[in-house]
Amino acid sequence: MKPTEHKQEILDKRYMRMALIWAENSYCQRRQVGALIVKDKMIISDGYNGTPAGFENVCEDENGVTRPYVLHAEANAITKIARSSNNSEGATMYVTASPCIECAKLIIQAGIKRVVYAEKYRLEDGLDLLKRANIEVVYLNPNE
């Protein structure tokens, strides 16, 4: 392994630990997901899954089913950038669960060039779409 690859791996693990901690902000019961967007070694945005601003912080209905208006961590992080003076062109997204296809579309459109994820989601269509768009996709087991 080249020294630069080793350094990138160390940074990837560090940012992923931060994304895992950020996921703890979620009020969702079924799954808590966190995301960070990093550009030039700076965190430029963050997000976790939850309800839109102004909604009650209840992600699931009385049957434990996720409410349809719950935002994914990736969408929250990307929309935060839209409200700031930053842009995500060429950035890396660290997300605790692999992106769904809807979030993959947002990642592509946001100009993010690399996605590092920790937990494999049951569907891989989001990952397949990212790869088709030539976005580097890296699985990182945070327990290693």
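A pocket here is an open set of points, on a 1 Å grid over the protein atoms alone, with protein on both sides within 12 Å along at least five of seven lines, and its lining residues have an atom within 4 Å of a point. The model is predicted, so local features need pLDDT of at least 70 and side-chain atom pairs count only at pLDDT 80 or more, while totals for chains, interfaces and linings use all residues. Residues are numbered from 1 along each chain as its sequence is written, and side-chain values use heavy atoms, with hydrogens and water left out.

**Stop 1: the second largest pocket**

Select Tyr48, Thr51, Pro52, Ala53 and Asn76, which lie nearest the centre of the second largest pocket among its 19 lining residues. Two elements, E2 and H2, each give two or more residues to this lining. Such labels stand for DSSP runs numbered from the N terminus: helices (H or I, at least four residues) and strands (E, at least two). The volume of the second largest pocket is about 350 Å³, a volume being the space filled by probe spheres set on the grid points, which are joined across faces, edges and corners. By residue type, the lining of the second largest pocket has seven nonpolar, nine polar and three charged members. In this count Ala, Val, Leu, Ile, Met, Phe, Trp, Tyr, Cys and Pro are nonpolar, Asp, Glu, Lys and Arg are charged, and the others, Gly among them, are polar.

**Stop 2: the largest pocket**

Next, select Arg31, Asn49, Thr66, His72 and Tyr121. These residues lie nearest the centre of the largest pocket, which is lined by 24 residues. The elements that give two or more residues to that lining are H2 and helix H3 (101–109). The largest pocket holds about 620 Å³ of space. Its lining divides into 13 nonpolar, four polar and seven charged residues.

**Stop 3: from Arg31 to the salt bridges**

Keep arginine 31 selected and add glutamate 119: the two form a salt bridge, with their closest N and O atoms 2.8 Å apart. A salt bridge is a side-chain nitrogen of Lys or Arg within 4 Å of a carboxyl oxygen of Asp or Glu. This pair joins distant parts of the chain, 88 residues apart: glutamate 119 is in strand E4 (residues 114–119), and arginine 31 is in the loop between helix H1 (3–23) and strand E1 (34–39). Glutamate 119 is partly exposed at 36% relative accessibility, and arginine 31 is partly exposed at 33%. Buried means under 20% relative accessible area, exposed means over 50%, and partly exposed lies in between (1.4 Å probe, protein chains only).

How many salt bridges does the structure hold? There are six salt bridges.

Now select aspartate 46 and lysine 80, whose side chains meet in a salt bridge at 2.4 Å, N to O. Aspartate 46 is in strand E2 (residues 42–48) and lysine 80 in helix H2 (residues 73–82), 34 residues apart. Are these two residues buried or partly exposed? Aspartate 46 is buried, at 18% relative accessibility, whereas lysine 80 is partly exposed, at 41%.

Move on to glutamate 136 and arginine 114, which make a salt bridge at 3.4 Å, N to O. Glutamate 136 belongs to strand E5 (residues 136–139) and arginine 114 to strand E4, and 22 residues separate them. Glutamate 136 is partly exposed, with a relative accessible area of 43%, while arginine 114 is buried at 11%. Add Asp12 to the selection, and a network of salt bridges links Asp12, Arg114 and Glu136.

**Stop 4: helix H1**

Asp12 leads to H1, where the buried residues are Leu11, Asp12, Tyr15, Met16, Ala19 and Ala23. Viewed down the helix axis, these buried residues fall within an arc of 140°, so they line one face of H1. The arc is that of the directions from the helix axis to the C-beta atoms. An α-helix has 3.6 residues a turn, so residues three or four places apart point the same way. On the face of H1 turned away from its buried side are the exposed residues Pro3 and Ile21.

**Stop 5: two loop residues**

Select glycine 111, in the loop between H3 and E4. Glycine 111 is buried, with a relative accessible area of 5%. From its C-alpha to that of isoleucine 44 is 14 Å, and the two residues are 67 apart in sequence.

Finish at valine 65, in the loop between E2 and H2. Valine 65 is partly exposed, at 44% relative accessible area. The C-alpha atoms of valine 65 and isoleucine 101 are separated by 19 Å, with their positions 36 residues apart along the chain.

How values were computed:
On a 1 Å grid over the protein atoms alone, a cavity is a set of points where a 1.4 Å probe fits but cannot get out, and a pocket is an open set with protein on both sides within 12 Å along at least five of seven lines; lining residues have an atom within 4 Å of a point.
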